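I opened the notebook to look up a few things in a structure that is new to me. The entries follow in the order I made them.

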Amino acid sequence: MLSHQLRIPVSDDQHATRVGFFCRWILVCGLFLSTTASNPMACTAGGGPENVVLVVNGDSATSKLIANFYIAGRLIPTRNVIYLNGIPDVEIIDLEIFRDKILKPVFQQIEERKIGNNIDYIVYSADFPTIIDIPKHAEKLAAELKQHGQTIQSELYLAQASLNSATYFAGAVLSDQPGYMLLDANTYYRQPAEKLLRQPFVGARQKEFEAAIATFEKSKPEFDEGLKQLKEMAALNPQQIALSYWIARFYAHRNDAKQATHWLTQAVRSGWSFRSQTRADLAFNSVKNDPLFKGIVEAIPDEPFDFVPTRGFKQAYAWAPNGMLNQEPGQGNRFLLSTVLAITRNFGTTEKEALRQLRASMKADGTHPKGTFYFSETADVRSTTRQPNFKSAIEALKRLGQKSEIITTDLPVQKRDVLGLSTGIATFSWTATGSKIVPGAICENLTSYGGMILDEPQTKLAEFLRNDAAGSSGTVIEPFAIQAKFPHPLIHAHYASGCSLAEAYYQSVEGPFQLLIVGDALCRPWATPPVLQVKGIVAGEKITGTVKLNLDWSASKVPVAGMEMYVDGVQVLRDRTRPEIAFDTTELSDGFHELRLVAIANNALETTGRVVIPFQVDNAGWATELKTSRDNYLITDTVKFTAKSNFGDSIELTHNMRSIAKKIGREAEFEVAAELLGRGPVFVEAISIDESGKVVASTPLRLMIKGPLSERNRMTARK
């Protein structure tokens, strides 16, 4: 595996899950070689292309097609694209096959490429099995619950999981910890706010917390000991809202306005956003008129105290039982966001429909579309299951300036402005409604087999996708009418707050193990990214020595909290706003490289905006060149490449980190079947290599491989 000389530190944080079901995984990070040529600027929220691993079925023409368009459209770094071969051509696979053929190889590649520190998303292209058989985990869960004196309702835990959810819970799946099947397993879920101040921990630590806050009403010695214990916990978990807020209450009870203000400020920085709740808290009566304390209270957002606040996702975050962040080992869960880009077989979409849908989703970013969110209120249990939560979703959308409407039909009729939908119906035809889905929308249907892309007699999630929705979901096995298995209506509010599609989904589903989510994980129609301008380097230029990069955030409409710097796709710097960076190119090999500078907004979503700059290093005069006779080919063609270099002993031809061919010498000709690269826009480069493994990369060639798109679904077997 090729790599450059620079190295960055490895982070070894591990965290365990709740209730004794452990979910541990660790990935190392390092500097790696990227070969993507890209547009000079792109903006994202809720993570971006450098945070995504895209998994491609290397044996599938459709999977390569979808991946090629997504890589080009989303500026996915080449190093973040992983090809797998030998994937079973069926819809349902056993757990062991999933782990051995998909999950383990993906994590192995992430580790070898040293990008684990970056990755928040694992996204699948088309043509992967969507259902994972997990009978052993179901049996183990029942046995473990029995040991805790609990019984399991087996019909609630039918032993099949979706591809993306088994990936979201990858640590638990790989370590045979079946707690991911529990209906409250997803602690990234934005749950009722009543848990916020009461359930920050699990096990013995939770008991210690409960004992500490119980001293609030006791005598001074016990009170002081309780405060001491809370502060010790806060030192280990500085972002845990429950601790900072309770400590503020303790100090207020002691009439210490200065310390009460300090700790309340910490709670606000960690996401406390409930001004009215704070004002109504009698514990603050003694300090409420203090000018500094009063000023902090007035600065708190005035959200209703009903649900935990919307929050951006990072896999490095350990999500506590109350939905906040802990740092103490064993007191938080770590996950990986995951969706499937397209399902183009059985009862999914066609290739043509899938590409149309993804293009519409990518164009929707940052458009702040106008329209209406619809909530269907009928007597069908598929609808009544979610109806009690419609009000909170509608109120949240109203606070965001969004329009909502409750309808008494199963679907909106003659509505041309559908920004989002929560409904429940077994069978339907969207075109028959005469309604129009605004590109970028999430449309949700609670029914038994929306995600079973086989022959079950219900309308599939694909019906929304082929009509311009950015994403939809459905369960892969009978779920029963349980809200925890389906997106809470607040999914639309999380999305309209500026979250990515994947963030909106996983914040709204408490028990997602059976839920198949299909769509563009990075779609973010309501994002407002920070704007970053960079001087000192120009896209495509040759540079030598140390280059001074000047960063300017003055044109940004949102405040900037910090920045990240990526060289060839790996994070090499994360810092507060730094106006000038000395970029030493002497530690890079000559040849092509890519620089990404990412601005991080000072908000709970950590919205990001980026500048992507390809450049050439020319410190030693080494160079590699790659040419073809044209830049457009048919899928049936053979593509002829010529490469030459003044460096190394051999030349290797690569496509998205895949080695296509290799020849000895400093000049080489290659003939490659276009079908190996796949249809769509592709990037191919030549890498000259010496006997020590040092490389000099060419500027990638961008080719367009043309071929007909299927307008029919391909049928596969069940297993």
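In which strand is the place of Ser473? I found Ser473 in strand S15, which covers residues 471–475. I note that the model is a predicted one.

Next I checked whether Ser473 is buried or exposed. Its relative accessibility is 3%, under the 20% cut-off, so I entered Ser473 as buried.

I then looked up the surroundings of Ser473. Its side chain is joined to that of Glu444 by a polar contact of 2.8 Å. Leaving out residues up to four places away in sequence, I listed what Ser473 touches: Glu444, Asn445, Leu461, Pro487, Tyr505, Leu515, Leu516 and Ile517.

Cysteines came next. I searched the whole structure for disulfides and got 0. Why is Cys499 not bonded to Cys523? The sulfur of Cys523 is the closest cysteine sulfur to that of Cys499, yet it lies 12 Å away, which is too far for a bond. Cys523 is in no disulfide either, and its nearest cysteine sulfur, in Cys443, is 12 Å away. I put down Cys499 as buried because its relative accessible area is 0%. Cys523 is buried as well, with a relative accessible area of 0%.

My last entry is on the largest pocket. Its volume is about 1,300 Å³. Of its 43 lining residues, I noted Gly271, Thr310, Asn603, Ala604 and Leu605 as the closest to the centre. Strand S20 (560–567) is one of the elements that give two or more residues to the lining, and its 4 residues are the largest share. By class I recorded 21 nonpolar, 12 polar and 10 charged residues in the lining.

Technical notes. Residues are numbered from 1 along each chain as its sequence is written. This is a predicted model: local features need pLDDT of at least 70, side-chain atom pairs count only at pLDDT 80 or more; totals for chains, interfaces and linings use all residues. Side-chain values use heavy atoms; hydrogens and water are left out. On a 1 Å grid over the protein atoms alone, a cavity is a set of points where a 1.4 Å probe fits but cannot get out, and a pocket is an open set with protein on both sides within 12 Å along at least five of seven lines; lining residues have an atom within 4 Å of a point. Grid points are joined across faces, edges and corners, and a volume is the space filled by probe spheres set on the points. Ala, Val, Leu, Ile, Met, Phe, Trp, Tyr, Cys and Pro count as nonpolar, Asp, Glu, Lys and Arg as charged, and the others, Gly among them, as polar. Buried means under 20% relative accessible area, exposed over 50%, partly exposed in between (1.4 Å probe, protein chains only). A polar contact is a pair of N or O atoms within 3.5 Å; within protein, one must be able to donate a hydrogen and the other to accept it, and residues adjacent in sequence count only if both atoms are side-chain atoms. Contact means heavy atoms within 4.5 Å. A disulfide is a pair of cysteine sulfur atoms within 2.5 Å.
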